[in-house]
Amino acid sequence: MKRVMTDWVDAKPALERPVNEPMKFLDQVKIYVRSGAGGGGAVSFRREKFIEYGGPDGGDGGKGGDVWVEAADGLNTLIDYRYQQHFKAGTGGHGMGRNRHGANGEDVVLKVPVGTEVMDEDKNMIADLHTVGQRVLLLKGGNGGFGNAHFKGPINQAPRHANPGQEAVDLVLWMRLKLIADVGLVGLPNAGKSTFLAAASAARPKIADYPFTTLTPNLGMVDLSLGERFILADIPGLIEGAHEGAGIGTRFLGHVERTAVLVHLVDGTQEDVGDAWRTVRHELLAYGEGLEDKSEIVALNKIDALDPETRDAKAAELSAACGHPVRMVSGAAGMGVTEILREAYGMVRARKGEIAAEEAEPEVWRP
Ligand SMILES: Nc1nc2c(ncn2[C@@H]2O[C@H](COP(=O)(O)OP(=O)(O)OP(=O)(O)O)[C@@H](O)[C@H]2O)c(=O)[nH]1
Ligand SMILES: [Mg+2]
């Protein structure tokens, strides 16, 4: 059995985690599920002393249990599936004499975090659990067999046969948790994105004074307060022509496609902050996929390295370029970081409220 671990993300709040322990997120698991077989129908006859008319009275078998998958609130890893990989729904009970129906088998409900994708053995997508409470039927339990009472007719008044229940069905599944970042950091290389992530979360991404330090996305859990948390993604810097493959390209923009908001960091120590903003903006537009319409918090970064006049001049320049007021921040000095996180979290909450309002459609999948 193969499991893939990623070491991207902080699963636990910083306080619960020993210092220097790299965070592991169980990203992908293989599990084996089996639906419940239906119970057999019964063959039985009523024979009682002094009662004139007997007859077949074998009851039907019970239905076998279904296998469901459900997106549960409060889970953020698939780690439970590391300890148990086999799940079997209950078998339907046999029918019995005196027209008694067999009991239905118990269902299996696999609880998974929001953002889990379920695939078949060949990695074809079966279900994408994107909303809390969403439930998808993976395997339907077998029907119970008819008891002999069911086969009684005008010709055959004493049938001696009953149906067996439907058999159980096995299925091999892959479950993959695509970590969904709530907030994405964008900017030119060296803008200070990784530094900001480090200031905002317990994540410890590589930070260095040269472009393209970050080669793959870093995710961090931001804990604003108890119960107020979200995932922040730091992706490699974008440069002009990124959408055509320049630099590391836009390969990683997929990680911020589902975010509620983008925090666009502009390095305040560079010559032309307006141009820096436009370059990244242009790449987002060229990439498309809704990134161009996403809410954007624009922030002038590295203000600790600027004197007050330069800072104000740069902020005015940036604001003129983007057409909005801009925030001022320093990831390195921790100035203005919390304010941006709070603002972003407000947008995350607003977005989650909207999604919850759109009711999850019941989905059914059959092998
Ligand atoms: N003075 C100052 N320097 C900063 C600040 N934030 C980052 N830096 C410096 O800027 C350089 C780049 O920082 P990173 O956080 O690696 O930048 P990045 O945006 O992640 O860069 P890429 O991964 O290459 O896209 C490093 O030398 C940091 O120390 C800040 O707020 N103030
Ligand atoms: Mg970086």
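This passage describes the fold of a predicted model, moving from the whole chain to one sheet and the helices beside it.

Taken as a whole, the chain contains four helices and 18 strands. Of its 367 residues, 43% are buried. Among the contacts with a separation of 6 or more, 73% join residues that lie 24 or more positions apart.

A good place to begin is a hairpin. Strand β8 (residues 116-120) runs antiparallel to strand β9 (residues 125-129), and four bridges join the two. Within this pair, E117 of β8 has D128 of β9 as its bridge partner. Four residues lie between the two strands of the hairpin, and K123, in the turn, has a positive phi of about 65 degrees.

Further along the chain, attention turns to an open sheet of six strands. Its order is β13-β14-β12-β15-β16-β17, with mixed pairing. The edges are formed by β13 (218-225) and β17 (327-328), each of which pairs on one side only. Packed on this sheet is helix α2 (residues 273-287), which touches β12 (183-187), β15 and β16; the direction of α2 makes about 145 degrees with that of β15.

Strand β15 deserves a closer look, with β12 and β16 as its neighbours in the order of the sheet. The pairing of β15 with β12 is parallel and extends over five bridges. Toward β16, residues 261-267 of β15 meet residues 295-301, again in the parallel sense, over seven bridges. H264 of β15 takes part in both pairings: H264 is the bridge partner of V186, and in β16 the partner of H264 is V298. Elsewhere along the second pairing, L262 stands opposite E296 of β16. The connection from β15 through α2 to β16 makes a right-handed β-α-β unit.

The surroundings of β15 are equally clear. All seven of the seven residues in this strand are buried. In a regular strand, side chains alternate between the two faces of the sheet. For β15, one side carries V261, V263, L265 and D267, the other L262, H264 and V266, and both faces are covered.

The helices complete the picture. Helix α1 (residues 193-200) is mostly covered, with seven of its eight residues buried. These buried residues are K193, S194, T195, F196, L197, A198 and A200.

Helix α2, besides packing on the sheet, also packs against helix α3 (residues 308-322), at an angle of about 35 degrees and with the two axes 8 Å apart. Their crossing is right-handed. On the α2 side the contact is made by V273, G274, W277 and R278, while α3 contributes K314, E317, L318, A320, A321 and C322. By character, the residues of this contact comprise six nonpolar, one polar and three charged. Helix α2 thus appears in three settings here: on the sheet, in the β-α-β unit with β15 and β16, and beside α3.

Key
Residues are numbered from 1 along each chain as its sequence is written. Chains are lettered from A and ligands numbered from 1 in the order in which they are written. This is a predicted model: local features need pLDDT of at least 70, side-chain atom pairs count only at pLDDT 80 or more; totals for chains, interfaces and linings use all residues. Two strands pair if DSSP finds at least two bridges between them. Two residues are in contact if their C-beta atoms, placed from the backbone, lie within 7 Å. Axes are lines fitted to C-alpha atoms, for helices over the stretch in contact, and angles run from 0 to 180 degrees between N-to-C directions. A residue is buried if 20 or more other C-beta atoms lie within 10 Å of its own, exposed if 12 or fewer, and partly exposed in between; C-beta atoms are placed from the backbone. A crossing is left-handed if the near helix is turned anticlockwise from the far one by less than a right angle, and right-handed if clockwise. Ala, Val, Leu, Ile, Met, Phe, Trp, Tyr, Cys and Pro count as nonpolar, Asp, Glu, Lys and Arg as charged, and the others, Gly among them, as polar. A crossover is right-handed if, with the strands pointing away from the viewer, the path from the first strand over the helix to the second runs clockwise.
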